[in-house]
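Student: Got a minute to go through this one with me? I'd like to start with the charged pairs.

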Amino acid sequence: RRPSRSGGSSSPAGPHGAWAREQLALHARHGLQAQWFADQEWRVPKAQRREYVLAYQEGALPGHPAEADPVSAVMSARLEIDAEATYDFAVETAGRGTLVIDNRVVVREGRRAPGRRIEGAELLTRGAHDLTFVYRNPGGEADYRVWWRPPGKAWSILPLERLTPTEDPRVGRLLDTLRAAK
């Protein structure tokens with residue numbers, strides 16, 4: 001076994017082994033299914049991949065599909081809710097972002113202004129809900145964040161452990177609707 005930089009063991013049995021196994025398990029079960037496109041009309045497929053956070057900042061991952069100009073994406077997951085309540089959501093993006101939950105638009109075409117989020121709220125029952133985030137960036141800085149605020153809590157990026165990737169068959173119909181609305 002090689003010593004790690006922190007002085008512990010780098011083996012799975014070392015001090016960070018349990019954390020690493022937990023993170024691998026979390027990533028295996030959670031995230032969003034993303035379809036990336038090389039245009040603004042969702043017609044030229046570029047990549048399909050799993051995303052693990054509803055946030056991205058220019059230059060964070062060189063080669064990431066978000067770094068292209070122009071680019072658009074549709075990300076879908078099941079959002080797990082513990083208790084029925086009204087939840088606040090917000091989109092902050094250098095391009096445009098729309099958040100849809102259970103086929104209802106919660107945040108429409110959120111666009112970032114310095115220090116400003118576009119917000120919406122939705123009454124959600126306990127259980128799993130279909131979540132879709134549609135992102136468009138005609139060029140420039142690749143940047144998006146999807147926030148939430150459960151009742152009585154502070155704003156945070158929508159947590160990975162609440163999201164289970166899904167191939168939502170309604171995404172195709174949603175894209176057709178968005179194309180027609182342009």
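Student: Is arginine 104 buried, partly exposed or exposed?
Tutor: Partly exposed, at 38% relative accessibility. This is a predicted model, by the way.

Student: And which residue does arginine 104 pair with in a salt bridge?
Tutor: Glutamate 122, with 2.5 Å from N to O. That ties strand β7, home of arginine 104, to strand β8, where glutamate 122 sits 18 residues away. Glutamate 122 counts as buried because its relative accessibility is 13%, under the 20% cut-off.

Student: What about glutamate 92, which arginine does that one bridge to?
Tutor: Arginine 117, and the closest N and O atoms are 3.8 Å apart. Glutamate 92 is in strand β5, while arginine 117 is in the loop between β7 and β8. Glutamate 92 is buried at 11%; arginine 117 is partly exposed at 25%.

Student: How many salt bridges does the count come to?
Tutor: Seven. One of them joins arginine 162 and aspartate 82 at 2.8 Å, and those two are 80 residues apart in the chain.

Student: Switching to the core: which residues touch the most other members?
Tutor: Trp36, Leu54, Met75, Leu79, Phe89, Leu99 and Phe133, out of 31 residues in the largest nonpolar core. Strand β4 gives the largest share, six residues.

Student: What does leucine 54 contact beyond its sequence neighbours?
Tutor: Its contacts include Leu32, Met75, Phe133, Ile157 and Leu163.

Student: Last thing, which element has the lowest mean pLDDT?
Tutor: Helix α2, at 61, whereas strand β8 has the highest, 95. The chain's mean is 79, and residues 1-12 fall below 50.

Key
Residues numbered from 1 in each chain as written. Predicted model: local features only at pLDDT ≥ 70, side-chain atom pairs only at ≥ 80, totals over all residues. Heavy atoms only, no water. pLDDT = per-residue confidence, 0-100. Helix = DSSP H or I, 4+ residues; strand = E, 2+ residues; numbered from the N terminus. Contact = heavy atoms within 4.5 Å. Core = buried A, V, L, I, M, F, W, Y, C linked by side-chain atoms within 4.5 Å. Buried < 20%, exposed > 50% of the residue type's maximum accessible area, 1.4 Å probe, protein only. Salt bridge = Lys/Arg side-chain N within 4 Å of Asp/Glu carboxyl O. Lists of a residue's contacts leave out its neighbours within four places in sequence.
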